[in-house]
Structure formats: structure tokens, C-alpha cells
Amino acid sequence: MTERDKKAIELEKVLYIASEYALCPEGKAALIAMQPATEADEARAALAKTNAVANLLQKLGSPRYGSAEGAKPAAERAQKGGLLSMGELLRVMRALQNFRELGVWFTSGSDEDIYPLDDLFRQLYPQHALESFIKDNILSESEIADGASDTLYNLRRQIRSTEGLIRERLDAMIKS
């Protein structure tokens, strides 16, 4: 497709409008960077995928998923052995939730509906154990659950116990 053809069909404008529906910057960038198929077979395969998604959306409704913004760089750093902040772990957990939800949605379709999309959705690997571990142990970007480790649990229990003793002694001093 020539630049003239792209301009005639307002490809840039269409891609920009479509990108406004993306939930994360990575998805938006991928949409804007999309190029038309150059081979007939490639175009047919892309149309089959588009039709399959449209059929699934019509039959199953929209899948539940949210933003996974920032998960990719965090996952790449973790893969290289880097440490992640609690906020990054929460972003990874949200991405894992999305993978699981999309996988459930996808497998709810009939074999006939999902066949053209099989190569895309089979790349999503739910990691339920990791997702649950993060969810159970990271409460927010600034708070770790007591049960995240035995040491942390024991330290926080000792702190609460010491705080209680201090309160009791202060109350005793005030009342005497």
C-alpha cells in the first residue's frame, strides 16, 4: 500500500481513533504503529482474526480486563534478575489477572470461533500461584501484609506487644 493509498483511506486517523480505546500506552503505541498487510494471504489472516474477535464479542460480550500499564518493563527487569518495587509487583499482578481473565473469556468460545485467534491467546500463560502470592502479600504500593514472611509477622507482633506494654505503663503512671 502506497503512502497515497494510506492517505486516501485516512489510515493514520483511523489508527489514532482506535488507539484511544487502548488501556495502556504499549497498546496505544502498537495500534498507532500498525501497518497494512502487504500480501493477500496476510490480509486474509488478519481479517479472519478480526471477524473471530467480532464474533466472540457478539457471543460472549466484552472480556473483563483492566490496564496493565508498566507491567512489561517490570517483568523484563525481573526476568533479568532485578528487584521490583511493591508498585511494580502490583502492576505485574494486574497483568497476570488480565491474562487469566482473557484466557477464560477466550476458552468460553466454540472451537470454530476461537481457531483463527488460537496463536494469539495461547501466548498468554496464566500464573495463578504468582498472582495469588502477590495479591495476598502486597496490600498497596506502600504496605506489605504481615503474613508476607514469618520474620515480618514476628516483628510486627513484637511491635504491637511492645506498644501495648508502653500504653499500659503510661496509663499506670497517669492513674497513680
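In which loop is Glu10 found? Glu10 sits in the loop between α1 (3-8) and α2. Keep in mind throughout that this is a predicted model.

**View 1. Glu10, a loop residue with a positive phi.** We start in the loop that links α1 (3-8) to α2, where Glu10 is found. Its backbone has a phi of about 55 degrees, a positive value, even though Glu10 is not a glycine. Is Glu10 buried, exposed or something in between? Glu10 comes out as partly exposed, because its relative accessibility is 44%, and that falls between the 20% cut-off for buried and the 50% cut-off for exposed.

**View 2. Lys6, a buried lysine in α1.** Now step back to helix α1, the home of Lys6. Lys6 has a relative accessible area of just 15%, so this lysine is buried; the cut-off for that label is under 20%. Which residues does Lys6 touch, if you skip those up to four places away in sequence? They are Met1, Leu11, Gln35 and Pro36.

**View 3. Helices α2 and α3 side by side.** Two packed helices are described by the angle between their axes and the distance between the axes. Here helix α2 (residues 11-19) meets helix α3 (residues 25-32), with axes that come within 8 Å and cross at roughly 165 degrees. That angle is why α2 counts as roughly antiparallel to α3, since the label goes to angles over 145 degrees. The crossing of this pair, α2 and α3, is right-handed. On the α2 side look for Leu15, Ala18 and Ser19, and on the α3 side for Lys28, Leu31 and Ile32. Sort the residues of this α2 and α3 contact by type and you get four nonpolar, one polar and one charged.

**View 4. The largest nonpolar core.** Eight residues make up this core: Ala52, Leu56, Leu102, Trp105, Phe106, Ile114, Leu117 and Phe121. Helices α4 (40-60) and α6 (86-107) each chip in with at least two of the core's residues. Which helix gives the largest share? That would be α6, with three residues. Zoom in on Ala52 and, leaving aside neighbours within four places in sequence, you'll find it in contact with Asp113, Pro116 and Leu117. Apart from this core lies another one, of seven residues, including Ala74, Leu90, Leu96 and Ile134.

**View 5. Where α6 packs on α9.** At what angle do α6 and helix α9 (residues 128-137) pack? The angle is about 140 degrees, and the axes are 9 Å apart. With that angle, α6 is oblique to α9, so the "roughly antiparallel" label doesn't apply here. The crossing of α6 with α9 is left-handed. From α6, the contact uses Leu89, Leu90, Val92, Met93, Leu96, Gln97 and Arg100, while α9 brings His128, Leu130, Glu131, Ile134 and Lys135. By type, the residues of this α6 and α9 contact split into seven nonpolar, two polar and three charged.

**View 6. Leu90 up close.** Leu90 belongs to helix α6. Its relative accessibility is 9%, so Leu90 counts as buried. Not counting residues up to four places away in sequence, Leu90 touches Ile134, Ile138, Ser140 and Glu141. How far apart in sequence, and how far apart in space, are Leu90 and Glu141? They are 51 residues apart along the sequence, and 7.4 Å apart from C-alpha to C-alpha.

How values were computed: Residues are numbered from 1 along each chain as its sequence is written. This is a predicted model: local features need pLDDT of at least 70, side-chain atom pairs count only at pLDDT 80 or more; totals for chains, interfaces and linings use all residues. Side-chain values use heavy atoms; hydrogens and water are left out. Axes are lines fitted to C-alpha atoms, for helices over the stretch in contact, and angles run from 0 to 180 degrees between N-to-C directions. Helices (H or I, at least four residues) and strands (E, at least two) are DSSP runs, numbered from the N terminus. Angles under 35 degrees count as roughly parallel, over 145 as roughly antiparallel, 65 to 115 as roughly perpendicular and the rest as oblique. A crossing is left-handed if the near helix is turned anticlockwise from the far one by less than a right angle, and right-handed if clockwise. Contact means heavy atoms within 4.5 Å. Ala, Val, Leu, Ile, Met, Phe, Trp, Tyr, Cys and Pro count as nonpolar, Asp, Glu, Lys and Arg as charged, and the others, Gly among them, as polar. A nonpolar core is a set of buried Ala, Val, Leu, Ile, Met, Phe, Trp, Tyr and Cys residues joined through side-chain atoms within 4.5 Å. Buried means under 20% relative accessible area, exposed over 50%, partly exposed in between (1.4 Å probe, protein chains only).
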